[in-house]
Amino acid sequence: FPSHDMLPGNNYGYSSGTSMATPNVSGVAAMVMGYFPQLKPTKVKKVLMDSAMKTYLLRGKTASGARVNLKQALRKAEFVTP
């Protein structure tokens, strides 16, 4: 999804693509790992994939066809065995 970003020359503009998705997914993964440090990285990935919200806009464009969801990821991680 597009995001407002600081661009060269002290300007703001829109950006999209994996460069914008990566910090969001990484942040959610960090939060899950912070609250549930016993989870291995493969479990954290599964939590993120299973808790992502499907959206037709991403169908065929991402591995999951979904967008990351922090609230659902933290709820789902509570029930994952390490």
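**Exercise 1. Ala-77 and its surroundings**

Task: In this predicted model, find which residues Ala-77 is in contact with, leaving aside neighbours within four places in sequence.

Solution:
- Start by locating the residue: Ala-77 sits in helix H3.
- Next, list the partners. Once neighbours within four places in sequence are set aside, Ala-77 is in contact with Val-32, Phe-36, Leu-39 and Val-47.
- Then look at exposure. The relative accessibility of Ala-77 is 1%, and the cut-off for buried is under 20%, so Ala-77 counts as buried.
- Finish with a distance across the chain. Val-44 is 33 residues away from Ala-77 along the sequence, yet 7.7 Å separates their C-alpha atoms.

**Exercise 2. How H1 packs on H3**

Task: Work out how helix H1 and helix H3 are oriented to each other, and which residues meet.

Solution:
- Two quantities are needed here, because a pair of packed helices is described by the angle between the axes and the distance between them.
- For H1 (residues 18–35) and H3 (residues 70–77), the angle is about 30° and the axes are 10 Å apart.
- Angles under 35 degrees count as roughly parallel, and H1 and H3 are therefore roughly parallel to each other.
- As for handedness, the crossing of H1 past H3 is right-handed.
- Now the residues: H1 brings Val-28, Met-31, Val-32 and Tyr-35, which meet Leu-70, Ala-73, Leu-74 and Ala-77 of H3.
- Sorted by class, this contact of H1 with H3 comprises 8 nonpolar residues, with no polar and no charged ones.

**Exercise 3. How H2 packs on H3**

Task: Repeat the analysis for H2 and H3: what is the angle, and what classes of residue make the contact?

Solution:
- Helix H2 (residues 41–51) packs against H3 at about 125°, and their axes lie 9 Å apart.
- That angle makes H2 oblique to H3.
- The H2 and H3 crossing is right-handed.
- On the H2 side the contact is made by Val-47, Leu-48, Asp-50 and Ser-51, and on the H3 side by Gln-72, Ala-73, Lys-76 and Ala-77.
- By class, the contact of H2 with H3 has 4 nonpolar, 2 polar and 2 charged residues.
- A cross-check with the earlier exercises: Ala-77 appears in the contact of H1 with H3 and in that of H2 with H3.

**Exercise 4. Asn-69, ahead of H3**

Task: Determine where Asn-69 lies, and which backbone nitrogens a polar atom of its side chain approaches.

Solution:
- Asn-69 belongs to the loop between S4 and H3.
- Its relative accessible area is 12%, so Asn-69 is buried.
- A polar atom of the Asn-69 side chain lies 3.2 Å from the backbone nitrogen of Lys-71.
- For Gln-72, the backbone nitrogen is 2.8 Å from a polar atom of the Asn-69 side chain.
- Beyond neighbours within four places in sequence, Asn-69 is in contact with Ser-51 and Met-53.

**Exercise 5. Two serines**

Task: Is Ser-64 buried or exposed, and what is the exposure of Ser-26?

Solution:
- Take Ser-64, found in the loop between strand S3 (53–54) and strand S4 (66–67).
- With 16% relative accessibility, Ser-64 counts as buried.
- The Ser-64 side chain reaches the backbone nitrogen of Ala-66 at 3.1 Å.
- Not counting residues up to four places away in sequence, Ser-64 touches Met-49 and Lys-54.
- Turn to Ser-26, placed in helix H1.
- Ser-26 has a relative accessible area of 42%, so this serine is partly exposed.
- A polar atom of the Ser-26 side chain lies 2.8 Å from the backbone oxygen of Thr-22.
- From Ser-26 to Val-68 the C-alpha distance is 9.9 Å, with the two residues 42 apart in sequence.

**Exercise 6. The whole chain**

Task: Which elements does the chain have, and in what order do they run?

Solution:
- Count the elements: the secondary structure comes to 3 helices and 4 strands.
- Read them from the N terminus: β-β-α-α-β-β-α.
- Add the extent: the C-alpha atoms fill a box of roughly 45 × 30 × 20 Å along the principal axes.
- Check burial: 28% of the 82 residues in the chain are buried.
- Close with sequence separation: of the contacts between residues at least 6 apart in sequence, 40% join residues at least 24 apart.

Methods:
Residues numbered from 1 in each chain as written. Predicted model: local features only at pLDDT ≥ 70, side-chain atom pairs only at ≥ 80, totals over all residues. Heavy atoms only, no water. Axes fitted to C-alpha atoms, helices over the stretch in contact; angles between N-to-C directions. Helix = DSSP H or I, 4+ residues; strand = E, 2+ residues; numbered from the N terminus. Parallel < 35°, antiparallel > 145°, perpendicular 65-115°, else oblique. Left-handed = near helix turned anticlockwise from the far one by under 90°. Contact = heavy atoms within 4.5 Å. Nonpolar A, V, L, I, M, F, W, Y, C, P; charged D, E, K, R; others polar. Buried < 20%, exposed > 50% of the residue type's maximum accessible area, 1.4 Å probe, protein only. Polar contact = N/O pair within 3.5 Å; in protein donor to acceptor, adjacent residues only side chain to side chain.
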